[in-house]
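Student: Could you show me how to read a protein structure, one feature at a time?

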Amino acid sequence: MKTLFPEKSATKESEMIIAAAHSGTGSGRFGAYGGRYVPETLMAALQELESAYAEAQNDPAFASELAYLLHHYAGRPTPLYLAARLSESLGGAKIYLKREDLLHTGAHKINNCLGQGLLARRMGKQRIIAETGAGQHGVATATVCALFGMECIVYMGEEDMRRQELNVYRMRLLGAEVRGVSSGSATLKDAINEAMRDWVTNVHTTHYLLGSVLGAHPYPTMVRDFHRVIGIEARQQILEAEGVLPTAVLACVGGGSNAIGAFYEFIPDKNVRLIGVEAGGRGPALGEHAARFQGGSPGVLQGTYSYVLQDDAGQISNTHSVSAGLDYPSIGPEHAALHDSGRAEYVSADDNAALQATVTLARTEGILPALESAHAVAEAIRIAPKMSRKDILLINLSGRGDKDMGILARELKLQGA
Amino acid sequence: MGIEFRHHPGLIAYLTIGDPDLVTSKKIALAAIDAGADVIELGVPFSDPLADGPVIQRASERAVRNGTRLLDVLALARELHAERPTAGLVIFSYLNPILRMGLEAFADAAERAGVDAVLVTDLIPEESTEYRAILRKHHLQPIFLVAPTSPDNRLQHIAEVSEGFVYAISRVGITGTQQQVAGDARGLVARLRRFTSLPIALGFGISNAAHVAAVAEYADAAVVGSAIVALIEQSGAEQAPAAVAAFIAGLRAPAEAESVVS
């Protein structure tokens, strides 16, 4: 793997800038990946955010306010639930579900939105912008903006607005302005482009509440930190329930925020397999899926160096997934490093497997997963029967599926009124 | 060879190469040089131009769709250099197409084509050590952007690592035209002057002779981009070279005669 130019030494001045840029929140590099690939206009804002975050980390008042909100407002800790009937029906490993789907707003996204919302307030920024794919991050952002009395603008691909219409209504009901994006494939990638254009233009007044472990430093580190609570709780809960660590932790990976949150505490536990599940879409041809580790190669998109689905001229590919939240051509840089080091494994589940897993979980456990999360369930369903009854699979069930009823009704040909 | 401005103010014309097609891009570039552009910025079309406004986004989308690649842009540079050897040529790109080609292969090809300088929109100095070393080896000048939001310590760092000229962005925001050149542009150029003796080019939102004349009061060169790209979009392939030539000639019309630097 080619390493990309981290700064070694130039002048005293530049060393000072770099030292300042990297205090408190890490280097922004995960192996060769990560970094900051942005227009100069945004650098001051990224540095401001980085120092605000570093200060907040050393401020007990920030930690206690966030903890209060996560508990009383969002509903943490979330349960770790033994899916007994699902496990029984598969006849192999015991399956546990980390119930992030039970959080307020219906997905893990609220963890990060509360954290960044508090940061925006510290920085005195009253105008919040965000991108959203499935709409879960948009809903969580709109929710936090309502809670804190902030202006909220959410960019969303028009294709995603169509397929996640319920979440568009929710955001509007919460007082957010939803701006449709029609460029490119009119999905998450294009929404991020438009959000970044807004941020470049309104950088003095605006905080960009990025919803995944993507983008320029400090976002991948900061967003991960706000989701670490998932793995911290889950590790403790599984030890209480079983007295041992799980065989594997599974999570779906779009940008990779729920996955990194679930994985992070388990990284030192070398015997615990970490399995990220990407969207296999309709098949392996470029443009038909979002499996970055199978069809992608290292490149720079939207501020960070990571695996990217691209053609041989470096143009970014379109992607497809039945789940809007996984339908993205790049992946968080920390996942790229975990992939290259071999610490985490990345596989894919296709549209059909995700839809079938949704039905299976609904009918064995009475739990309707988000189509994104259903990709992780699908992989568990595939591997559990080959494992022993002593094995434990811990799935991060990152969101609930109410938002997907339109797609599910169509794809599963459910009968209506 | 390196960038040289033979007029005051120098004039830099940005083109999205491959819009509407490569043959027309070449004609437009030649016409622009003959009409008085000192430097051509050869814009490499990219699928995700997140620093660009709607005009350049549309041009980029058309050029990507008709298959224009970085290699095509370099081939065009070679032809321009052969036919107009004194014109400055800057490759203007997002980072990913260059990374995909490989920094070394890109720099080697650009040097052979007669390119003078390279500007990568989403590459800041802190991430550019290896890039600058490779450019230097191939006698290519690295050009970086400064913005009104850049604090003095960043201006100094950027000035230290720049060669050829420094590109000052007249205002926060994406590329595109505006009524007046932003008020913070003059202050930015004044702050930057303290750290560099390189020429300072001002870009973003410069679209007519009055803007260029205003820029000439405090900067060394003006970059005109979206206004030219929009003109190409409106004119169509046939008319575009003549339309761009007339437009560029008009940008310097009032002040041209007395301000030619000998």
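Student: Is B:Arg62 buried, partly exposed or exposed, and how do I tell which?

Tutor: This is a predicted model, so treat every value here as computed from it. You read the relative accessible area: under 20% means buried, over 50% means exposed, and anything in between means partly exposed. B:Arg62 has a relative accessible area of 25%, so it is partly exposed.

Student: And which word fits B:Asp19?

Tutor: B:Asp19 has a relative accessible area of 4%, so this one is buried. These two residues meet: the side chains of B:Arg62 and B:Asp19 form a salt bridge, 2.7 Å from N to O. The pair links distant parts of the chain, 43 residues apart. B:Arg62 sits in helix 2 (residues 54-65) of chain B, and B:Asp19 in the loop between strand 1 (10-16) and helix 1 (22-34) of that chain.

Student: How many salt bridges are there over all chains?

Tutor: The rule counts 47 over all chains. One of them joins A:Arg36 and A:Glu50, with the closest N and O atoms 2.9 Å apart. A:Arg36 lies in the loop between strand 2 (33-34) and helix 2 of chain A, while A:Glu50 is in helix 2 of chain A, so the pair ties together parts that are 14 residues apart in sequence. Both A:Arg36 and A:Glu50 are buried. Another salt bridge pairs A:Arg99 with A:Asp101, at 2.8 Å from N to O, and both of those residues are buried too.

Student: What about polar contacts? Which side chain does B:Thr175 join in one?

Tutor: That would be B:Asp52, at 2.9 Å. B:Thr175 is in the loop between strand 7 (166-169) and helix 8 (184-193) of chain B. With a relative accessible area of 14%, B:Thr175 counts as buried. Leaving aside its neighbours within four places in sequence, B:Thr175 also contacts other residues, including B:Ile56, B:Phe204 and B:Ser226.

Student: How should I think about a nonpolar core?

Tutor: Start with the general idea: in soluble globular proteins, nonpolar side chains tend to be buried together. In this model, the largest nonpolar core has 171 residues, and B:Leu42, B:Ile91 and B:Leu202 have the most contacts inside it. Helix 10 (residues 226-251) of chain B gives the most to this core, 8 residues.

Student: Which residues does B:Leu42 touch?

Tutor: Not counting residues up to four places away in sequence, B:Leu42 touches a set that includes B:Leu15, B:Ile17, B:Val73, B:Ile91 and B:Phe92. There's also a second, separate core of 25 residues, with A:Ala83, A:Ile275, A:Ala376 and A:Met387 among them.

Student: Now the place where the chains meet. How many residues does each chain bring to the contact?

Tutor: Chain A brings 48 and chain B brings 46. Together they bury about 3900 Å², 54% of it on carbon and sulfur atoms.

Student: What joins the chains across the interface?

Tutor: The rule finds 21 residue pairs in polar contact there, along with 4 salt bridges. A:Asp312 and B:Arg69 form a salt bridge, their closest N and O atoms being 3.2 Å apart.

Student: Which element gives the largest share of chain A's side?

Tutor: Helix 9 of chain A, with 8 residues. By type, the residues on the side of chain A that touches chain B divide into 18 nonpolar, 17 polar and 13 charged.

Note on methods:
Residues numbered from 1 in each chain as written. Chains lettered and ligands numbered in written order. Predicted model: local features only at pLDDT ≥ 70, side-chain atom pairs only at ≥ 80, totals over all residues. Heavy atoms only, no water. Core = buried A, V, L, I, M, F, W, Y, C linked by side-chain atoms within 4.5 Å. Buried < 20%, exposed > 50% of the residue type's maximum accessible area, 1.4 Å probe, protein only. Helix = DSSP H or I, 4+ residues; strand = E, 2+ residues; numbered from the N terminus. Contact = heavy atoms within 4.5 Å. Buried area = accessible area lost by both parts, 1.4 Å probe. Polar contact = N/O pair within 3.5 Å; in protein donor to acceptor, adjacent residues only side chain to side chain. Nonpolar A, V, L, I, M, F, W, Y, C, P; charged D, E, K, R; others polar.
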